[in-house]
Amino acid sequence: MASPLVIAVQPRATSDKNNIKNIARVGNAFIKATNASEAIDFINANSTFFDIYVDTTDIGADNAVEILNAGASKIFLNTKQLISLTEENEIPSSRLVAYVASDEDSTELRNWLANAPGSQDVGVCSTSNAAELFEKFDFPKDGGQVFKLFGENVTESAVIEEVAHGVVAIVPSNQLSIIPTADGKVAASNVLASRAVPDRNTGLIATLVVDERGVSLGFVWSNKESLLEALKTGTGVYHSRKRGLWYKGQTSGDTQELLSIGFDCDADCLVFRVKQLGRGFCHLGTNTCFGRYHGLSSLQKTLQSRKESAPPGSYTARLFNDPKLVEAKIMEEAEELCQATTKSEIASEAADLIYFALTRCIAADVSLEDIEKNLDLKNLKVKRRKGDAKARWAQKVGLAKSGKASEPSPAPVEEEAPKSDRIEMKRIHTANTPISVIKDALERPSQKSNEAIVELVKPIIADVRANGDAAVLKYTHKFEKATSLTSPVLKAPFPQHLMQLSSDTIKAIDVSFENIKKFHSAQKDDKPLVVETMPGVVCSRFSRPIERVGLYIPGGTAVLPSTALMLGVPAMVAGCKRIVFASPPRSDGSISPEIVYAAHKCGAESIVLAGGAQAVAAMAYGTESITKVDKILGPGNQFVTAAKMMVSNDTSAGVSIDMPAGPSEVLVIADKKASPAFVASDLLSQAEHGVDSQVILIAVDLDDRELAAIDEQVHQQANALPRVDIVRGSIAHSVTFVVKSIEEAMNLSNEYAPEHLILQLENAEEVVPLVQNAGSVFIGQWTPESVGDYSAGVNHSLPTYGYAKQYSGVNLGSFVKHITSSNLSAEGLRNVSEAVMQLAAVEGLDAHKRAVSIRMDIINKS
Ligand SMILES: NC(=O)c1ccc[n+]([C@@H]2O[C@H](COP(=O)([O-])OP(=O)(O)OC[C@H]3O[C@@H](n4cnc5c(N)ncnc54)[C@H](O)[C@@H]3O)[C@@H](O)[C@H]2O)c1
Ligand SMILES: N[C@H](CO)Cc1c[nH]c[nH+]1
Ligand SMILES: [Zn+2]
């Protein structure tokens, strides 16, 4: 049995969003769906934390099925809706809960239950007398659960009373606290403690501790005090019969993060689901008190630790460094599994296949828990697809066209064929869509919580600060696997052999270099600005280059020499004296020759051979061999961005940054005249950057046929790309909005504040005055965004995530600071003196006043 508590959360409330982990510790979640996509987004974002129950009474049967398929554990409907839904769909009764609001409802439901075979697991929910319902339906004998939906006036005693009868209490999140508080909210710790049935002799509560996957780690005791402490700290805290309150890992360091608390079937055993840190749960140092992990758990642990620090030269290290090798091995083992015949051969080949598949997953930070959650979600789907094989594979094994073999093949009943092979953006017609849904669709794909990234980045910065070069090298060995690297920096003059490039590439870099130089040189404000504000009072402003700049060139998923030019050229044009490049090296310790050539052309003094937070920290604080800089510029992933923000907040570092520039994004506005092929090509050019990229199309008054033409182009062109898998990821959170007018399109675009805005419009130039927020604009059908990425002359290092509302992209101004000066004659001082002295007096700052009066005395005497 899960927890007897279900928490009614508001999907859009920030307090609930920030509190998900705490909520998940004490119960499952309930939301009331006002539209399907909001509910589905909530499920997608949170189904790893808890089961999600969705009230679908307001959104109709079709949406209810969609929500179940998205992974809702149960849907709540009124009695009539439930009965009609089950007439048309085969839905397991355990996924359905009926609201019973009246005697009429209850009679109708009882009659239906009596006549509908397989309906015994339907749950019931009441807003009033749940315990009475419990009696009436003789639940939960028949498998269903009884829910009581509490409102704002809920009291803790009422919840405890219902829960004591086996009812599951649904409590609004704003009326619930995890532990007791002074404001009288329902304390989850009290409800859970009241529900637990203690051991008759000791009064203690038997407690089973399990890991993320439900594997038993050990058996312990709890009591009310330890339960409270566990919830207060979010860690594993129990009751030791020898020592009393027992904070697991306090002495050994093998602590636990508490994920959730539940019960067994009759509530006489608590189940603590935890993430075990350190060596393991048992005091003997094994993973569990029942011995070491075995099978899949053991393989997962080994692969995870190998990923952290695989012995150089080991086979697993080779696999982690060579994705193509893993790919080949997976295909080889899959084929061998299909060919195996005896029981032992099949077991052996399946084991090999699982080994390589799990290596692929761990390399991508996907765990067995993630895989199992995915299996569970697939298992929850209501309508299954046929599960036919793709044509390529069907032909390979001689399957007939229909997908049926001449020999009957076992139908993969549980397996759903990939949702669809089509690479397609979701579509929203704004005219009949609530604003909240539009806003949600415009949200950038969620990243790992900032908090988690900060926790990863903080120790790296501290380490580099304390241990300099040695720490930088350590992280480069770890993240870039460049274990042969012995120095973290390459100093100018850069040797010719590190810049060996084809003449075509040199020509392309040279053309881009010149255009970028031309455009950024034109941004110079060489002459000081001079204004005489009063006779004899001359104010001026002049610029000076920032002396030392650190330029980060990303190198994780793709090497970006173009970014080296976008940062290096304006730094050179501005006259920065010391230009330091940083970029993660390749696993053999080398840096791409295009970046070395760009560094050479821009007059960089050195290239830091490191990426991520370590490179940022090294440039912010300096090390034995890396120059400390005054400003760090350049885009990067979330580790780079978090590190830039952190060092710029540290006043002792004395370093500033350009802006938070994250995953690439583009918004295309297209009208009926736009070429579907051009539109698709522009969308895909940013979608291929990374799975966290997002592309938005705003189609102005296009009909279904015109929209379908663009969809078809997106699908066709995407499938022809080598980075199709990345594109598939980014298109999954990308969207087409269909709007009625250019004005509406521009309002949406300004609200989104895209990094790149492409105007594929007949009168594109006329629309430019409506642009309020955007990093860089691409005007008309002959201006693809990629010209800006490389060679037109504009800068491609631009604000993302909506920061175009307040930040400019990198430009010449990013590399200079402005200094002002005042120059007064005696006449000027006379003219301004009264104002200065009066204001100084108002502020009570007499020395300020005297600095003027002492001079005025002399002037007046002469
Ligand atoms: N907005 C812009 O102007 C612009 C321009 C170009 C690129 N980009 C974006 O920059 C990003 C580049 O990201 P990238 O990953 O390819 O390269 P990156 O160089 O930013 O990051 C790679 C580094 O991340 C660090 N790292 C990786 N995993 C880590 C972990 N688990 N813990 C700590 N550090 C870890 C490593 O040190 C590695 O060197 C992309 O999102 C791209 O879209 C934006
Ligand atoms: N479009 C990226 C900025 O968001 C920059 C880039 C580099 N190479 C290709 N594109
Ligand atoms: Zn790009």
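Two residues are taken to be in contact if their C-beta atoms, placed from the backbone, lie within 7 Å. The structure is a predicted model, in which local features need pLDDT of at least 70 and side-chain atom pairs count only at pLDDT 80 or more, while totals for chains, interfaces and linings use all residues. Residues are numbered from 1 along each chain as its sequence is written, and chains are lettered from A and ligands numbered from 1 in the order in which they are written.

The secondary structure of the protein comprises 31 helices and 31 strands, these being DSSP runs numbered from the N terminus (helices: H or I, at least four residues; strands: E, at least two). Of the 862 residues, 37% are buried, a residue being buried if 20 or more other C-beta atoms, placed from the backbone, lie within 10 Å of its own. Among contacts between residues at least 6 apart in sequence, 64% join residues at least 24 apart.

Tyr99 is located in strand S5 (residues 96-99) and counts as buried because it has 21 C-beta neighbours inside 10 Å. When its neighbours within four places in sequence are left aside, Tyr99 is in contact with Phe76, Leu77, Asn78, Thr79 and Cys125. Leu82, 17 residues from Tyr99 in sequence, is separated from Tyr99 by 9.1 Å, C-alpha to C-alpha.

The shell around ligand 1 contains 31 residues, of which the closest are Gly556, Gly611, Gly612, Pro635 and Gly636; a residue is assigned to such a shell if its C-beta atom, placed from the backbone, lies within 6 Å of the molecule. At least two residues of this shell are supplied by each of helix H18 (450-479), helix H22 (612-621) and helix H23 (638-649). Domain 4 (451-524 + 541-649) and domain 5 (665-793) both contribute residues to the shell, so ligand 1 lies between them, the domain bounds being taken from an automatic or database domain assignment.

Ligand 2 is surrounded by Leu560, Ser562, Thr563, Ser664, Gln686, Glu755, Asp789 and His796. Domain 4 and domain 5 both give residues to this shell too, so ligand 2 lies between them.

Helix H23 is mostly covered, with nine of its twelve residues buried, among them Phe639, Val640, Met646 and Val647. The buried residues of H23 pack against H18, strand S21 (548-552), H22, strand S24 (631-633) and strand S25 (656-657). At 1.5 Å a residue, the twelve residues of H23 should span 16 Å, which agrees with the 16 Å between its end C-alpha atoms; the expected span is 1.5 Å times one less than the number of residues.
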